[in-house]
Amino acid sequence: MTLRAAPAGRAGAWAALGLLSVLTAVLGLGVGSLGWEPPWVTLAADPAGMSLIGDLRAPRTLGAALVGALLGLSGAVAQGLFRNPLAEPYLLGSSAGAGLCMALLLTVGLPWSLDVGWWARLGLTGAAFVGSVAGVALTLSLARGAAHTLRLLLAGVVVGVVLGAGTQLMMVWSGEAWRVMQAFMLGNTALLGWPACLLMGGVLVVTLPLAWALARVLDALSLGEDTARTLGVPLGTARSALVAVLALSTAAAVAQAGLIAFVGLAAPHLARPWLGASHRSLVLASAWVGGLLLALADVLARWIIAPQELPVGVLTAVIGGVYLLVLLHRRRA
Amino acid sequence: MTTPPWITCLDLHATRGPRTVLQGVDLRLTGGAWWSVVGPNGAGKSTLLRCLAGLLPAAAGRIDWRLPAGHTGPTLAWLGQDTPGDEALSVAETVALGRLPHQGWWPWSGGSAQDRDAVEQALVDTDMTWAAGRPLGALSGGERQRVHLARALATQAPVLLLDEPVAHLDAPHQRLVARVLRREAARGRCIISVLHELPLALQADRLVVLGAGRLQAEGPVASPSVHRAVEQVFDQAVQVRCVDGRWAALPCFDADADTP
């Protein structure tokens, strides 16, 4: 009897994931407003090619992958922590907080924000990050800590609805805010630069190992909180750490790219059947799949109606949603 | 009892919300025996088990644990009612979670030869070896229950606390579980199970009879006073009789039996 034998396809699935990632990276460097041109041709042909690829496409592609990885990681953590396959990164009020803070800044606090300059972007990004963390903090205080899962979920829903109403109110007041907020609501990877990559990379370097270290806690939590406690899980500490991973990762992603729909929900579901359900692999796999998904969506967003661009959030919803449906149908059959 | 008790409950009280569900329970439990906790719905059986597991603090009174000197490792394994599970996790992975208390929490720890042996043995004991590689979501209710029981067995803790371990199980697998529990008790473990199935409860070594939150009787399965307590807490709807040398609970649903 071999208990440890992983399904033979698992190594193959990892290899396929790696191959797809390389392919997507090449596409990400080669696809622009004029369609596809191999990046090495661009580099050789044009003195401006270096800057086009190095300053625009490379950080944009890497940035999209990092946003996707942060969301995929958050999704895996959220679904494990809340023991709910429908859980997603924005569940604890992070998106609602980020949205409200940005809307607040745009309508009352920042008259100079409309010439979308570097400082304004930094201000908006900062506001979204602060708002996101504040949204989670509000949810936690309403739920009186992370000790009660159902209370936490309900508090997250309430915070989402109430702060969302506040955001809508701001947008009714100010037409200019409406325009910027719409880009935020649909998600946007077009403006990602090297500083954004550095920031998100820094967050991922902290949260991914932390989530991985807590993988067995997530496994034990799948058996319910009572059983997890009798298995010796330090529930309080572990749950606080997991909520911190969730809040920090989501805040970093939301602040840089707005609301990217569906990646956080779909990535764990896409990773599970191919790469294993044990959180030791799922945490890594979900981050990777999320990164791949968003980088791919970013390429398609540039390509499909070039030289125009599609909102990337619309694409992630379509790709992830359709694939998830196919997956569910196949499993039921 | 000659051996000193491992677990002593002294004047244990427990509440759930405004309701007091356990009142003044005194119990002494020790290794080498299988206890079955029986009683009608709402008698406090599950509450007693949760108190013993440390999942519910005592409202008054106390529970003292005194395992034999030299014991290391996890003290108890728990099987709750209707345990959830990760549908996508394989049976072997789920059972291996029972080894977590031995392994530490680092993602790379675990997977020792002892862990593998314990998981294999637990799968054999619950007749689930055939499903080791299947995802939990592909199993029936009774099969899942056996997986969770296997997970509790795999911990190899000296004290086993089982809430309805044979829920959803068919008769052959109830027999299998009874044999495993008796064997584990014979190996020196202390097994405490809440059981709704009186025929199975009567396979244990001793009965703990609860009624209305109070301990009505505690003693060997063969004791007549324990039988009377069982019949009394179930409002004379069952009779404990010896049939062909085995203890059996006969339903007693006649119209004239329940009118005094």
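How many of the residues of strand 6 of chain B are buried? The answer is 5 of its 5 residues, so this strand is mostly covered, taking buried to mean that 20 or more other C-beta atoms lie within 10 Å of a residue's own. Before we look around it, keep in mind that this is a predicted model.

**The sheet in chain B**

Strand 6 belongs to an open sheet in chain B, built from 6 strands in the order 5-6-7-3-8-9, with mixed pairing. At the edges you'll find strand 5 and strand 9 (214–220) of chain B, each of which pairs on one side only. Going from one strand to the next, the twist averages 15°.

What holds strands like these side by side? Strands of a sheet pair through backbone hydrogen bonds, either parallel or antiparallel. Strand 6 of chain B runs parallel to strand 5 of chain B, and 4 bridges join the two. On that side, Trp78(B) stands opposite Leu161(B) of strand 6. Strand 6 also runs parallel to strand 7 (residues 190–194) of chain B, this time with 5 bridges. Here Leu160(B) has Ile191(B) in strand 7 as its bridge partner.

Now for the side chains. In a regular strand they alternate between the two faces of the sheet. You can follow this along strand 6 of chain B: Val159(B), Leu161(B) and Asp163(B) point one way, while Leu160(B) and Leu162(B) point the other way, and all are buried. Helix 5 of chain B lies across strand 5 and strand 6, running at about 170° to strand 5 of chain B.

**Two residues with an unusual sign**

Two non-glycine residues have a positive phi, one in chain A and one in chain B. Here they are side by side:

| Residue | Phi | Loop | C-beta neighbours inside 10 Å |
|---|---|---|---|
| Arg83(A) | about 45° | between helix 3 (49–81) and helix 4 (94–109) of chain A | 17 |
| Gln156(B) | about 50° | between helix 5 (141–154) and strand 6 (159–163) of chain B | 22 |

Are they buried or exposed? Arg83(A) counts as partly exposed because it has 17 such neighbours, whereas Gln156(B) counts as buried because it has 22.

**A pair of helices in chain A**

Over in chain A, let's look at how two helices meet. Two packed helices are described by the angle between their axes and the distance between the axes. For helix 12 (residues 263–275) and helix 13 (residues 279–303) of chain A, the axes come within 8 Å and cross at roughly 120°. These two helices of chain A are therefore oblique to each other. Helix 12 of chain A passes helix 13 of chain A in a right-handed crossing. Among the residues making this contact are Val263(A), Ala267(A) and Leu270(A) of helix 12, and Leu282(A), Ala285(A) and Val289(A) of helix 13. By class, the contact has 11 nonpolar, 4 polar and 1 charged residues.

**Where the chains meet**

Finally, how many residues does each chain bring to the contact between chain B and chain A? Chain B gives 25 residues and chain A gives 23 residues. On the chain B side, the elements that give two or more residues are strand 5 (76–79), helix 2 (91–96), helix 3 (100–103) and helix 4 (113–125). Helix 4 of chain B supplies the largest share of that side, 3 residues. Sorted by class, the side of chain B that touches chain A has 17 nonpolar, 4 polar and 4 charged residues.

Technical notes: Residues numbered from 1 in each chain as written. Chains lettered and ligands numbered in written order. Predicted model: local features only at pLDDT ≥ 70, side-chain atom pairs only at ≥ 80, totals over all residues. Contact = placed C-beta atoms within 7 Å. Nonpolar A, V, L, I, M, F, W, Y, C, P; charged D, E, K, R; others polar. Axes fitted to C-alpha atoms, helices over the stretch in contact; angles between N-to-C directions. Parallel < 35°, antiparallel > 145°, perpendicular 65-115°, else oblique. Left-handed = near helix turned anticlockwise from the far one by under 90°. Buried ≥ 20, exposed ≤ 12 C-beta atoms within 10 Å, placed from the backbone. Pairing = 2+ DSSP bridges.
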